[in-house]
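Reader: I'm new to reading structures, and a whole one is a lot to take in. Could you pick a single part, take a close look at it with me, and tell me how its surroundings fit in?

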Amino acid sequence: MEDKKTTKRIPLDYRFILCTVIVAALVYMLTSTLLHVNDVRRDVHTISYDSMWYYEDGTPADLNNLKEGDEVIIHKKADAKEINDRTLCFFSKSIHFSIFMDEVRIYDYHPDPPKILGKAYGIFPHSVNLPVLYSDGVIRIVINNIYSDEPGYLREMVLDDGGQFLIGEMQDSAMDFLLCLIVFTFGAVLFVVGLIGRYFEEERYEIISVGTFAMVAALWVASETAIVPLLTGAPIAVHFLDYICLDLLSLPGVIFVSSVTRNKYKKYIIWAFSFMTAAKIIYSIISTLTGGKDYHKLLFLTHIMLAITVVTVIVLVVRGLMNKMLRSGLIVGMLLVLLFSMAMGVVDIVRYVTRTNEYYHASYYKYALFLFILVCGIYEFVRISDMSRRGRYAEIMEEMAYQDGLTGLQNRMAFNREIGKASKQDTDLALIMLDLNYLKNVNDELGHDAGDQYIIKMAELMRKVFCHGEKLFRIGGDEFFVLGQYKDTDPVLEESLKSLDELVAEDHSISGKDMPLSIAYGYTGYKAGEMDIEDQTRIADKNMYEKKAEMKRLNEQFA
C-alpha cells in the first residue's frame, strides 16, 4: 500500500493572528512614513547661494573646488533684503573656516579634537544664523585647507528660512540609518547566539564572524550618514570610527568565508589577515600621532587591503567549489551577492579615486553589502534552527539515556556520572541507599504489573519526602539511591527519613491487594577532600543491608 506523504500544519490561534496584525500594521506605518519623508520640499524654503563668490584677487571662486594652499579667502556681496531672517546652510569637506559679516565674525569652525582622531571629518552640514542687516554688506569666508595639497569645498550653499536644510539632510539619511540599526541589531543577535552556541563546534565561528561583520559594516555605513555626526556633534570622532571600521571589514569577512569553505589553510589565512589588519591600524595611529600621514592620506592602503580581501575570497570560494565543500544553496546565494558586492565596491573605489563620488549616498556598495549580510544571515539562521533542532534531539536522547523509563527517576548511568562529579566537588554530601522489601513476593503473588506499581509507589514517596534539592536514582530492580546536598547530620535528612517511615506505614495496598510497602535504608556522609565517595557509597549500602536484616529479625520475632 502506497504511503501518503503528510505535512505538519501549524495551528493558527487568536494570539498568532493578533500579533501578525500588529506587525503588519507597524510595517505599513513605517513604510508609509519613510516613503513620505520628503513631502515638505526644501526648495520651497531655500534660495541657492553658491554663485557670485570671488577670491581676493577678483577671480570667480568655484565652491566645489577651492584653491589649494594653507589659507584661501572668498567673499560675496550680501543683499540685506535677501539674507535677513535667514540662515546660511552648506556642506563642507576637508576645510576649517570662519565666516565674517562686515568684518564681524559670525561663525567659526576650527575643531580641536584629540590628535589620535586625525584631521578629516568627512562631509558635514552647517547652518549659520545670519545677522539682520539694515543695508547691504559683505560676507567673507576665511578658509584653511586641512591638506594644503588637496583643496576642500563648500557645496550646496543655500539660504534657508524654515530649518528645512538640516531636516531634509536628516530625512535623506533616515533610511540608511534605520537600515544600519536593523543590521547592527541583527549582527548583535547572531554574535550572542554564536557565543551561547559554543558547543556547536565549527559553526560558532561562522555565526560569530558574520555577526561581527554585520555590526562593523553597519557602524561603517552609519558613520557616513548625516544623522550620526549631527546627533553627536563630533564629526571628526565619527569619521575616525569610519576609518577604523573600514579597516576592520576584511577580517570577519575572511573568517566567515574561510569557515564556510572549510579551507585547510584557514588558520594561516586568518592569522595573516589579523596581522595585516592590526599592522594597518597601528601604523595609521602612529603616523597620525607623529604628524605624518593621517587616516585620510593612508586610505589607499585600506583600498589595497580590501582588494587583497576580494582576491582571497574569490580563491577560497573557487577552491571550495572545486573541493565540493559548499552547499548548493549557499553557492548560488553567496556567489551571486558576493560578485555583485565586489563589482559595486570596485566601482565606488574608482569613483572615489577620480573624485566623482563625493557624496556617500551616491554609493551603491552599501546596498550590495547589506544584501550580502542578509543572505549570510538567512543562511546562519537556517543553520541555527537546524542546530537547535539537533540540539533538542540530543537532549531528548540524553534524557532517555539517563532516565529510568518506569519511575522517571535518574538511572544507574546517571548515578555513576553524578558520583564521578561529586568526587571532584568541594561539597559535603549525604548518601542514602534504599531497597524495597518483598518485591519478589509481589511479582510472584500479584504479577509483574503489580510489581511495577510497587516500584512506582516507592518513587512517588521518594519525591514527596526528598524535596530539598536531592538527586534521586533507581540503580537496580528494587534499589534506589538519594544524593543530598547537605551533611548526614543535617536535620533535613532526619526529618525526611521520618516522613518516609510514616508514609510507608500508612500505605497498605498495591493494585487493590493487601500488600503493604516495606523499605529498608541506610545512609552515611561524605566529607569532600577527606573521603573516597565510592567507599562511602559502599558504607551506605552496608548500613542499608544491616537495616534490612534487623527488619527481617523483627518480622520473624512477631510472626
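Author: Let's start at cysteine 467, which counts as exposed because its relative accessibility is 52% and the cut-off for exposed is over 50%. Keep in mind that this is a predicted model. Cysteine 19 has a relative accessible area of 48%, so it is partly exposed. If you were hoping for disulfides, the structure holds 0.

Now for the part I'd like to zoom in on: strand β5, residues 95-101. Is it buried or exposed? Buried: 7 of its 7 residues are, so β5 is largely enclosed by the rest of the structure. For comparison, 43% of the 559 residues of the protein chain count as buried. You can check β5 face by face. On one side you'll find Ile95, Phe97, Ile99 and Met101, and on the other His96, Ser98 and Phe100. Every one of these is buried, which leaves both faces of the strand covered.

Next, who sits beside it? β5 belongs to an open sheet of 5 strands with antiparallel pairing, and the order is β2-β3-β8-β5-β6. In that order, β5 comes between β8 and β6. The edges of the sheet are β2 (54-55) and β6 (104-109), each of which pairs on one side only.

Take the β8 side to begin with. Strand β8 covers residues 137-145 and runs antiparallel to β5, with 7 bridges joining the two. You can follow this residue by residue: histidine 96 has asparagine 144 in β8 as its bridge partner, while phenylalanine 100 stands opposite arginine 140. That second couple deserves another look. Arginine 140 also lies over the face of the phenylalanine 100 ring, 4.9 Å from its centre. A similar arrangement turns up elsewhere, where arginine 155 lies over the face of tyrosine 153, at 4.5 Å from the ring centre.

Then switch to the β6 side. Here β5 pairs over 5 bridges, again in the antiparallel sense. Methionine 101 has valine 104 in β6 as its bridge partner. The two strands form a hairpin, with 2 residues between them. If you look into the turn, you'll meet aspartate 102, which has a positive phi of about 50 degrees.

One β5 residue leads us on to the rings. Phe97 is part of an aromatic cluster, together with Phe90, Tyr107, Tyr109, Tyr121 and Phe124.

How many aromatic pairs does the structure hold? There are 10. One of them joins tyrosine 49 and tryptophan 53, with 6.3 Å from centre to centre and 85 degrees between the planes, an edge-to-face arrangement. Tyrosine 49 is buried, because its relative accessibility is 1%. Tryptophan 53 is at 1% as well and counts as buried too. Another pair is phenylalanine 415 with phenylalanine 481: the ring centres are 4.8 Å apart and the planes are at 65 degrees, so this pair is also edge-to-face. It ties together distant parts of the chain, since phenylalanine 415 belongs to helix α12 (residues 412-422) and phenylalanine 481 to strand β12 (residues 479-484), 66 residues apart. Both rings are tucked away: phenylalanine 415 is buried at 6% relative accessibility, and phenylalanine 481 is buried at 0%.

Back to the strands for one more stop. Threonine 87 sits in strand β4, residues 87-93. Its relative accessibility is 15%, so threonine 87 counts as buried, the cut-off being under 20%. What does threonine 87 touch, leaving out residues up to four places away in sequence? Its contacts are Ser127, Val128, Asn129, Leu130, Val158, Leu159 and Asp160.

Finally, zoom out to the whole chain. It has 16 helices and 15 strands. Among contacts with a separation of 6 or more, 74% are between residues 24 or more positions apart. The accessible surface comes to about 30900 Å², and carbon and sulfur atoms make up 60% of that. Against that backdrop, β5 is the strand with 7 of its 7 residues buried, set between β8 and β6 in the sheet order.

Technical notes:
Residues are numbered from 1 along each chain as its sequence is written. This is a predicted model: local features need pLDDT of at least 70, side-chain atom pairs count only at pLDDT 80 or more; totals for chains, interfaces and linings use all residues. Side-chain values use heavy atoms; hydrogens and water are left out. Rings of Phe, Tyr and Trp (its six-membered ring) pair if their centres lie within 6.5 Å; planes under 30 degrees apart count as stacked, over 60 as edge-to-face and the rest as tilted. Buried means under 20% relative accessible area, exposed over 50%, partly exposed in between (1.4 Å probe, protein chains only). Helices (H or I, at least four residues) and strands (E, at least two) are DSSP runs, numbered from the N terminus. A charge sits over a ring if NZ of Lys or CZ of Arg is within 6 Å of the ring centre and within 35 degrees of the ring normal. Contact means heavy atoms within 4.5 Å. Two strands pair if DSSP finds at least two bridges between them. A disulfide is a pair of cysteine sulfur atoms within 2.5 Å. Accessible areas come from the Shrake-Rupley method with a 1.4 Å probe; for residues, only the protein chains shown count as cover.
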